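Here are my notes for you, written as numbered points. Have the model open while you read, and click on each residue as it comes up.

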Amino acid sequence: MGLHYTQLPENVLDIIRRGAVIPAHPLALDAERNFDRKRQRALTRYYMDAGVGGLAVGVHTTQFAIRDNGLYEPVLKAAIEDSRAWTDRPLAMIAGVAGQTEQARNEAKIARELGYHAVLISMGALKGQTSAELIQHCKTIAKEIPVIGFYMQTSVGGIILDEDFWCEFAQIDNAIAIKVAPFHRYRTLDVLRGIVKAKAENKITLYTGNDDHIVADLTLPFTLARGDEAVTLRFKGGLLGHWSVWTKRAVELLERIHAETADNKSVSQSLLALDAKVTDCNAAFFDVANNFHGCIAGCHEVLRRQGLLEGIWCLDPEEGLSKGQAEEISRVYQAHPDLNDDEFVAANRERWLA
């Protein structure tokens, strides 16, 4: 029997609906590119103590190649065991599923059996399929576990998905959220229009994955027309690779945004100004100058500098920092010292590594 969203613990569903910081969990490897269980545990503990609302595991930042190295289930199992052992507060645990329908459905079953609450559907492997076929893929997975749609940017393998696709997705019974991450304003609006068209604005929770406009997405209202009716949507949280680093500050940022946007109040200029500062940092971490080649290694480099990772190794030896990327990371460290959480990490690192 599959898991329906109405069967989720009420406090977990409330976390998702209210909006939370859900970092995309990186993969800790040693110098031989083997799974570094100790440092993987330390990362999970870091996120727990930073105050996140949940974790996304087995997603792009975790490296899709874990599926080719027998690491998918061990990595998912590690995150849920380590989080439960470290804290008893409720967490929204999200697993990434990828590949053709049979593979993705099997991954959804693994996630459900391990205790995950929902899955984030990556559809890069389905390029060339029709919109109807993509929707059927999502419906098949939704029979196993609640699903979160994922509009991934094309630079890292995503597919262009139009308003009608998102309208159909929003009507899937077991769909609960959408991670909007095309890094593209027009395509972001396609998702929102699809939700409005489906009359699903109270059913689908919006999570930003637009690392180039994190603060703007979370702060600004999006008001769209449905006939004579004006429908206002808001992004409630973020499911982000960017939030796998400097996570304590991300939690503080989202708390500030929720406070300033409560009851549709006016937000401060200082909050709006953070959009450009956070985007500047993301450009360094995600290696925008080199078309995102070093996006995973860039996050690893920040965690390495903090002492949480031993190195920046990825499963693919070709993945690493681009020329000049380390210098860019140093630059944003110096330019935006208020955005890092190095002191918090330094005060707790040995405890997390114990």
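**Notes on the strands, a helix and some rings**

1. Let's begin with a pair of strands: β1 and β10 run together in the parallel sense, joined over three bridges. If you want a spot to look at, find V21, which stands opposite G238 in β10. Before you go further, keep in mind that this is a predicted model. As for β10 (235-240), this strand is mostly covered, with five of its six residues buried.

2. β10 has another partner. β7 and β10 also pair in the parallel sense, again over three bridges. Here the place to zoom in is Y207, which stands opposite G237 in β10. Now step over to β6 (residues 175-181), which pairs with β7 in the parallel sense over four bridges. In that pairing, I178 has L206 of β7 as its bridge partner.

3. So what about the faces of β7? In a regular strand, side chains alternate between the two faces of the sheet. In β7 (residues 205-208), T205 and Y207 are on one side, L206 and T208 are on the other, and all are buried, so both faces are covered. Take T205 as an example: its relative accessible area is 6%, and because buried means under 20%, T205 counts as buried. Beyond its close neighbours in sequence (those within four places), T205 is in contact with I16, R17, I176, A177, I178 and K236.

4. Next, have a look at L218, which lies in helix α8 (residues 214-219). Is L218 buried or exposed? With a relative accessible area of 3%, L218 is buried. Setting aside neighbours within four places in sequence, its contacts include T208, F235, K236 and G237, and W243, L254, I257 and T261 are among them too. For a feel of the scale, pick A65: L218 and A65 are 153 residues apart in sequence and 31 Å apart in space, C-alpha to C-alpha.

5. Now try a small check on helix α2 (residues 37-50). Why does a span of 20 Å make sense for this helix? At 1.5 Å a residue, its 14 residues should span 20 Å, and the end C-alpha atoms are indeed 20 Å apart, so the two agree. (If your own sum comes out differently, remember that you multiply by one less than the number of residues.) Just after α2 comes G51, which takes a positive phi of about 100°.

6. How many residues of α2 are buried? The count is 10 of its 14, so the helix is mostly covered. Among the buried ones are R39, Q40, A42, L43 and T44, and the list also includes R45, Y46, Y47, M48 and A50. The elements that these buried residues pack against are β1 (21-23), β2 (54-57), α3 (72-86), α9 (247-261), α11 (295-305) and α13.

7. On to the aromatic rings. A pair of rings is described by the distance of the centres and the angle of the planes. The count for this model comes to 12 aromatic pairs. One of them is F165 with W166, an edge-to-face pair at 4.8 Å centre to centre with 90° between the planes. Both F165 and W166 are buried.

8. Another edge-to-face pair is W246 with Y333, at 5.0 Å centre to centre and 75° between the planes. This pair links distant parts of the chain: W246 is in the loop between β10 and α9, Y333 is in helix α12, and they are 87 residues apart. W246 counts as buried at 5% relative accessibility, and Y333 does too, at 14%.

9. Stay there and find N340, in the loop between α12 (325-335) and α13 (342-353). Leaving out neighbours within four places in sequence, N340 is in contact with W246, R249 and Y333. Its side chain also reaches the backbone nitrogen of D342, at 3.0 Å. N340 counts as buried because its relative accessibility is 13%.

10. One last stop for rings. Ring pairs link Y46, Y47, F344 and W352 into a cluster. You have already met Y46 and Y47 among the buried residues of α2. Over the face of F344 lies K248, at 5.4 Å from the ring centre.

Note on methods
Residues are numbered from 1 along each chain as its sequence is written. This is a predicted model: local features need pLDDT of at least 70, side-chain atom pairs count only at pLDDT 80 or more; totals for chains, interfaces and linings use all residues. Side-chain values use heavy atoms; hydrogens and water are left out. Helices (H or I, at least four residues) and strands (E, at least two) are DSSP runs, numbered from the N terminus. Buried means under 20% relative accessible area, exposed over 50%, partly exposed in between (1.4 Å probe, protein chains only). A polar contact is a pair of N or O atoms within 3.5 Å; within protein, one must be able to donate a hydrogen and the other to accept it, and residues adjacent in sequence count only if both atoms are side-chain atoms. Contact means heavy atoms within 4.5 Å. Rings of Phe, Tyr and Trp (its six-membered ring) pair if their centres lie within 6.5 Å; planes under 30 degrees apart count as stacked, over 60 as edge-to-face and the rest as tilted. A charge sits over a ring if NZ of Lys or CZ of Arg is within 6 Å of the ring centre and within 35 degrees of the ring normal. Two strands pair if DSSP finds at least two bridges between them.
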